[in-house]
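Got the viewer open? Let's take a short walk through this one, selecting a few pieces at a time.

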Amino acid sequence: MIKQLLKQPQFLLGFFIIISLLIVSLGLNSIYEGPKEVKFLYKNDGSISKVAPFSPTDIPPFGTDRDGRDLFYMILDGAKYTLLIALGVAFLRLVSAVLISFLYKGQLKNNTFFNDLVQSTLYVPATIFAYMLMIPLFIKSTTDPISFGKMIVIQCIILTLIGIPSLVVTFSGDIKNIMNKDYIISTMSLGAKKKYIYRKHVLPEIKPKLFLLFAQQAVQILILLAHLGVLAVFVGGSQAELRGDFLNLTTENVPIAGEWSGIIGHSFQEVLTAPWIILIPLGFFFISIFSINMMISGLQNIISKNKRK
């Protein structure tokens, strides 16, 4: 299948964009410390001409946020968090769903409660599930601080769990169809064990679909992260910072991780006054989703060709 993928230009282009973003993001801090915050721009005579946030025309290429932080650096630095979370959660969803699906068609085949539970979760938007499950974490962290690493792990587990039911239904149907094929029935009648059949027959048949679903899940998670950002649910948690002057001090929750949804959620109130702060991370969400969709298109071409053979 890898040789076939190398012949799909849309897959290669999408893969190249995603890998390039990850490589640049992972190596960025080791080669570049990042620009200093720019709060003010000055005229030639030393007087203040502008105050942050600065537009892309003032400080190319992407401008700054209201704290004077360079958006270009923030986007590149945050790519590793956003993309790795999306890819990692997609992988965990698939592995968990496949394992549960094998069990579901065995011991849980006639379990009505489990079947009803799986079906009921398909009609609730994932964003609502994620929001309801993550908000208690933020409430708890105000009185009992949760470390950044622990928060990331818990949130990734939540993102994984809410996507498993629909995948279980998908894989269970596929496994059922495969197990009903004549050559599988013949193999079982000869005394073959289910573990052998799953390993030798079922997994090879669903392998192409696994790659396809992995890419589709990554797209869904990127969209979900963008939604959570708008709702001010930050991956990795947030910390309270004082803003304003001595006469008007306010407390503001600032995302700890630099992932893209955090940039959107933290600056969403700037959508009218400084729209580039929102549009630029949204643009990179679009580029990432578009790139993965190109990979999906390449995978679908391969699956279609293999079915015709």
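One term before we start: a nonpolar core here is a set of buried Ala, Val, Leu, Ile, Met, Phe, Trp, Tyr and Cys residues joined through side-chain atoms within 4.5 Å. Keep in mind that you're looking at a predicted model.

First stop: select Leu71, Ile85, Leu159, Trp260 and Ile292. These are the residues with the most contacts inside the largest nonpolar core, which has 55 residues. Now color the helices H2, H3, H5 (126-143), H6 (148-161), H9 (194-230), H10 (260-266) and H11 (276-308); each of them supplies at least two residues of this core. Which helix gives the most to this core? That's H11, with 13 residues.

Next, zoom in on Leu71. Leaving aside residues up to four places away in sequence, Leu71 touches Phe62, Gly63, Thr64 and Asp65, and also Ile263, Trp276, Ile277 and Ile280.

There's a second, separate core to pick out too: it has 18 residues, including Val98, Ile164, Ile197 and Tyr198.

Last stop: show just H2 (residues 9-31) and H3 (residues 71-104). Their axes sit 8 Å apart, and the two helices pack at an angle of about 120°, which makes H2 oblique to H3. Turn the view and you'll find that H2 passes H3 in a left-handed crossing. For the side chains, select Ile18, Leu21, Leu22 and Val24, among others in H2, and Tyr73, Leu76, Leu83 and Leu87, among others in H3; these belong to the two sets that meet. Sorted by class, the contact of H2 with H3 has twelve nonpolar, three polar and two charged residues.

Note on methods. Residues numbered from 1 in each chain as written. Predicted model: local features only at pLDDT ≥ 70, side-chain atom pairs only at ≥ 80, totals over all residues. Heavy atoms only, no water. Axes fitted to C-alpha atoms, helices over the stretch in contact; angles between N-to-C directions. Helix = DSSP H or I, 4+ residues; strand = E, 2+ residues; numbered from the N terminus. Parallel < 35°, antiparallel > 145°, perpendicular 65-115°, else oblique. Left-handed = near helix turned anticlockwise from the far one by under 90°. Contact = heavy atoms within 4.5 Å. Nonpolar A, V, L, I, M, F, W, Y, C, P; charged D, E, K, R; others polar. Buried < 20%, exposed > 50% of the residue type's maximum accessible area, 1.4 Å probe, protein only.
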